[in-house]
Amino acid sequence: MKIERVEVFGVAVPLIGEYKNAYLSKTVQKSAIVRITAGGGVSGLGNIDPTPGYSKEQTPEHLEVLRGKLAPLLIGMDATNVHAVLAKIEPAVKGFLDSKAAIEMACVDLAARIAGMPVHAYLGGAVKEQLLFNAWIGILPPDEAAKETLAWKNKGFRSAKIKVGGNIEADRDRVKAVREAVGPDFQLRIDANAGYDADTSIQLAKRVAPFKLQLFEQPVPDHDIAGMARVRREANAVGLPIMADESVLDHASLIRIIKADAADLVKVKVMKQGGFLNTRRMIATAEAAGIRCVVGHGFGLGVNTMAEIMLAATSSNVIDGLECVGPLKTADDIVTRRLDLSGGSLPLPSGPGLGVTLDEAKIAKYRLDLKAAA
């Protein structure tokens, strides 16, 4: 199945309200979409959704690299030979794992469509028939955070992540209010988005320990593996597991975390790790080291979200409470049928491929050119 055409689209999709974390506030998600078409007219889709302050490169850069450097390399290649495609694009440009993931995602989607099966079957088969999702609470006053979390619980969610940052006393008050609102059986996570140093993170861990949290995500800057290991020792002593997120990029970074005993869990994303195959290998490595995984990028559009759902379904090492909840935050999408995650769960999707179709009208409506994206 030789690749005949590679199309790259930039879009800016509005969010429902304003979202804040330790890095930024934003009201729109700027994303890149790749559509690869092979002989016979079969197409596959890839989608990446970088976030300023978090992603290594941003959407305008990805659009330039995808269009100018990577797409031309694919013409004439066998779209179903994903290993050969990766071997071609990985050395072509340094970094840009998201761009490479968009291409690999599209090739896997295309290959699974040709095979007449969903991506999770193409990847070896699903081990979960029902996927559970994790709600997301921004840096809000305690009463607002408590009210919002309780609303998610009442809709059917069983877990939520609370953003922290800026002031550990305010963080503690927010977590306390949420715990009191939702009761003891609802799972709570906190995420500092690398916003604190090790000493401050340790203080925060001790302050929130009474509220029985499921995990504390990325307490320290991504490069401070030794600091995260120190936070882990102190946090574990009060019953709080530590999860690495921004510190996890490629396989080598995962190995560094494992060797340093720096995390109890790691978070992976199909786009950040460079595609399905790289992410699956990293999940397997983490599992061999006794480390559980969380999957999900919180601002993904429909294609990327479905990719992470299907990947997560293939591993029992991925814990419940997926964080690929972009459809809950976006006011619209670029696929013809939006995912409904409003009840906190979803039956295993059936495909074929990723089981989604681009909405051409929405691509045109939200189109983002390079000048506007800069």
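Start by selecting strand β7, residues 187–191: 4 of its 5 residues are buried, so the rest of the structure largely encloses this strand. Bear in mind as you click around that this is a predicted model.

**Next door to β7**

Keep β7 on screen and add β6. The two strands run parallel and are joined by 5 bridges. To see one pairing, show Lys161 and look across to Arg189 in β7, which stands opposite. Now add helix α6, residues 168–182; together β6, α6 and β7 form a right-handed β-α-β unit.

Go to the other neighbour, strand β8, at residues 215–217. Here too the strands run parallel, with 3 bridges between β7 and β8. Arg189 turns up again, this time opposite Leu215 in β8. To follow the chain from β7 to β8, colour helix α7 (residues 198–208): the path goes through this helix, and the β-α-β crossover is right-handed.

**On to β10**

Select residues 265–268, which make up strand β10. Which residues sit on each face of it? Leu265 and Lys267 are on one side, Val266 and Val268 on the other, and all of them are buried, leaving both faces covered.

Add strand β9, residues 242–244. It runs parallel to β10, and 2 bridges hold the pair together. Look for Met243, which stands opposite Leu265 in β10. Bring in helix α9 (residues 251–259) and you have a right-handed β-α-β unit made of β9, α9 and β10.

Now show strand β11, residues 292–295. It is parallel to β10 as well, with 4 bridges joining the two. Lys267 has Val294 in β11 as its bridge partner. Helix α10, residues 276–288, completes another right-handed β-α-β unit with β10 and β11.

**The cavity**

Leave Lys267 selected and add Trp136, Lys161, Lys163 and Gly298. Of the 21 residues lining the largest cavity, these five lie nearest its centre. How many cavities of 30 Å³ or more does the structure hold? There is 1, and the largest cavity has a volume of about 190 Å³. Colour β5 (135–137) and β6 (159–163) next, as each supplies at least two residues of that lining. If you colour the lining by chemistry, you get 9 charged, 7 polar and 5 nonpolar residues.

**The pocket**

Trp136 also takes you to the next stop. Along with Ile16, Glu18, Tyr19 and Glu148, Trp136 is among the residues nearest the centre of the largest pocket, which has a lining of 15 residues. About 270 Å³ of space lies in this pocket. Show β1 (3–20), β5 and α5 (142–155), each of which gives at least two residues to the lining. β1 provides the largest share, with 5 residues. By chemistry, the pocket lining has 9 nonpolar, 2 polar and 4 charged residues.

**Two last stops**

Select helix α11, residues 302–312. How many of its residues are buried? The count is 11 of 11. Among them are Asn304, Thr305 and Glu308, as well as Met306 and Leu311.

Finish at Thr59, in helix α1 (residues 59–74). Why does Thr59 count as buried? Because its relative accessibility is 3%, and the cut-off for buried is under 20%. Show what surrounds Thr59: beyond its neighbours within four places in sequence, Thr59 is in contact with Lys30, Ser31, Ala32, Pro50 and Leu368. For one more distance, pick the C-alpha atoms of Thr59 and Ser99: they are 9.3 Å apart, with the two positions 40 residues apart along the chain.

Methods:
Residues numbered from 1 in each chain as written. Predicted model: local features only at pLDDT ≥ 70, side-chain atom pairs only at ≥ 80, totals over all residues. Heavy atoms only, no water. Buried < 20%, exposed > 50% of the residue type's maximum accessible area, 1.4 Å probe, protein only. Pairing = 2+ DSSP bridges. Right-handed = clockwise from strand over helix to strand, strands pointing away. 1 Å grid on protein atoms, 1.4 Å probe; cavity = no way out; pocket = protein on both sides within 12 Å on 5 of 7 lines; lining within 4 Å. Points joined across faces, edges and corners; volume = space filled by probe spheres on them. Nonpolar A, V, L, I, M, F, W, Y, C, P; charged D, E, K, R; others polar. Contact = heavy atoms within 4.5 Å.
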